[in-house]
There are 2 protein chains.
Amino acid sequence: MDIKKEHAIGILDSGVGGLTVAKEVMRQLPQEAIIYLGDTKRCPYGPRTKEEVKKFTLEIVHFLSQFPLKALVIACNTATAAALHEVRLQIPIPVLGVIKPGVRAAIKATKQHRIGVIGTQGTIQSQAYEQALKRIHPEIEVYSVACPQFAPLVENGLHQSELAEKVVAEGLAPFQNISIDTLILGCTHYPLLAESIAKVMGEKVEIISSAEETAAELSTILQHQSLLAYDYTPDHHFFTTGDPHSFKKIAETWLGQTIKIEQARLEPVQKISF
Amino acid sequence: MDIKKEHAIGILDSGVGGLTVAKEVMRQLPQEAIIYLGDTKRCPYGPRTKEEVKKFTLEIVHFLSQFPLKALVIACNTATAAALHEVRLQIPIPVLGVIKPGVRAAIKATKQHRIGVIGTQGTIQSQAYEQALKRIHPEIEVYSVACPQFAPLVENGLHQSELAEKVVAEGLAPFQNISIDTLILGCTHYPLLAESIAKVMGEKVEIISSAEETAAELSTILQHQSLLAYDYTPDHHFFTTGDPHSFKKIAETWLGQTIKIEQARLEPVQKISF
């Protein structure tokens, strides 16, 4: 299949977290069409095994590959750590994860070479951030903390509650005794907690949102492959494996616009045909 | 020729301005080797015609192509505007300019969609920034101001003088009556004037350095092509068409390290053999 400028960007996530990436793509690349799938039914991915997350991710890629896509964003850190490499082998379009863009932005931002990373248990256990940071810049010190309570807060619409402030403060407590100058939000749900996180970390710590950086990196990749949409008014489509009504409610609040949402039925897949 | 991870990054500029890009590449990608050429003898490029700048740029690319390169950065806005497209046609490695990285960072940063651009006369007249910004985001308002006095200040080592403060304030005067929230330093010399520029523009305007953004974008492109250097202690080489002693003095002050510098003799070129 010919890859064309007017084809869409596929974005996948374990649930609603990847909407922070979708929102940034809409903001930074307003001419690009998005086809989003949130696997809300099986969310969260964080506590699952790598094999399971890889299997689920390939099922979503299989579903999305029925549409004409020019690039795919794995907008979930857990799925990026578990499946990015495999997905790249399976489909002939650029595939972006959310880990490397955050890594590059953190390297750009840090002055003391001391970077913190927060994420789900799966992401932190994979050491994907630590490896990616040291792969590019071996002298960087990385301090990783799993915050398994954060994503469920957001997924349940509680990110602006008092409970959220309390949970965030507790989750970030390990950083009280560690001096860092940059903190990577290593989960696409976390930009919705950014205000509480910034309050706890203080002004001197720069907070890196993978969502913002991934959208900018998508722009780079599309431009270098001459695939940026031009003079195009996009039409976005959203799918969820869970309840479309609650997904629509959260999505429209976050994105600030009405969306079309359909339920998707995923199937076990051996090989993706693209 | 096979392109290998251990090959160098070619960086070219009309003079010393591109050293701000070289410095950022060293900081963000400390395992990458750099081969730099500054065409100090024919600097500045800003007031020259597009045809002349294109001819000079191709001569430099011809010179640099005698070394094993895996990517090339045109670290001069004037040369990017005049010759990027032509250089991409001539050599089979990724070629990055300094315009698009700044454009993307500005789109990421702006909240009011009002972006200022300062650059040499050649860059501003080319409208390269305006076109690139509107190509990606048609609703952005762009306010461009040529500051032909800025680069010569830096090229003559006067960027920390009282004269510099005065010249910067005068050059930026047109922005007194224009409300912008983001300013692109559209010339690689300008990061050395960043402090004076920030003072004039005030805290509410985010200053975008193409040098920082270009190095981050180089990281993206190398990684997506599996060309990032790994476990490698690089050796950098610098060439100038002008006086090596004065180049060495400025370069070592800016880069904070001693460098090897040689004089390069450029020749007219019809076609680049790579």
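## Exercises on chain B

In this predicted model, Ile11(B) faces Tyr36(B) of strand 2 of chain B. The exercises start from that pair.

**Exercise 1.** Find the sense in which strand 1 and strand 2 of chain B pair, and count the bridges.

*Solution.* Take the two segments. Strand 1 of chain B covers residues 8-13, and strand 2 of chain B covers residues 34-38. Their pairing is parallel, over 5 bridges.

**Exercise 2.** Place these strands in their sheet and name the edge strands.

*Solution.* Step one: the open sheet in chain B has 6 strands, in the order 4-3-1-2-9-10. Step two: the pairing is parallel. Step three: strand 4 (95-96) and strand 10 (261-263) of chain B each have a single partner strand, so they stand at the edges, with one side lacking a neighbour in the sheet.

**Exercise 3.** Which strands does helix 2 of chain B lie across?

*Solution.* Helix 2 (residues 50-64) of chain B lies across strand 1, strand 2, strand 3 (69-74) and strand 9 (237-240) of chain B. Relative to strand 1 of chain B, helix 2 of chain B runs at about 155°.

**Exercise 4.** Describe how helix 8 of chain B packs on helix 9 of chain B.

*Solution.* Start with the geometry. Helix 8 (residues 162-171) and helix 9 (residues 194-201) of chain B pack at about 45°, their axes 9 Å apart. Helix 8 of chain B is therefore oblique to helix 9 of chain B. The crossing is right-handed. Next, the contact. Helix 8 of chain B supplies Glu165(B), Val168(B) and Ala169(B); helix 9 of chain B supplies Ser196(B), Ile197(B), Lys199(B) and Val200(B). Sorted by class, this contact has 4 nonpolar, 1 polar and 2 charged residues.

How values were computed: Residues numbered from 1 in each chain as written. Chains lettered and ligands numbered in written order. Predicted model: local features only at pLDDT ≥ 70, side-chain atom pairs only at ≥ 80, totals over all residues. Heavy atoms only, no water. Axes fitted to C-alpha atoms, helices over the stretch in contact; angles between N-to-C directions. Helix = DSSP H or I, 4+ residues; strand = E, 2+ residues; numbered from the N terminus. Parallel < 35°, antiparallel > 145°, perpendicular 65-115°, else oblique. Left-handed = near helix turned anticlockwise from the far one by under 90°. Contact = heavy atoms within 4.5 Å. Nonpolar A, V, L, I, M, F, W, Y, C, P; charged D, E, K, R; others polar. Pairing = 2+ DSSP bridges.
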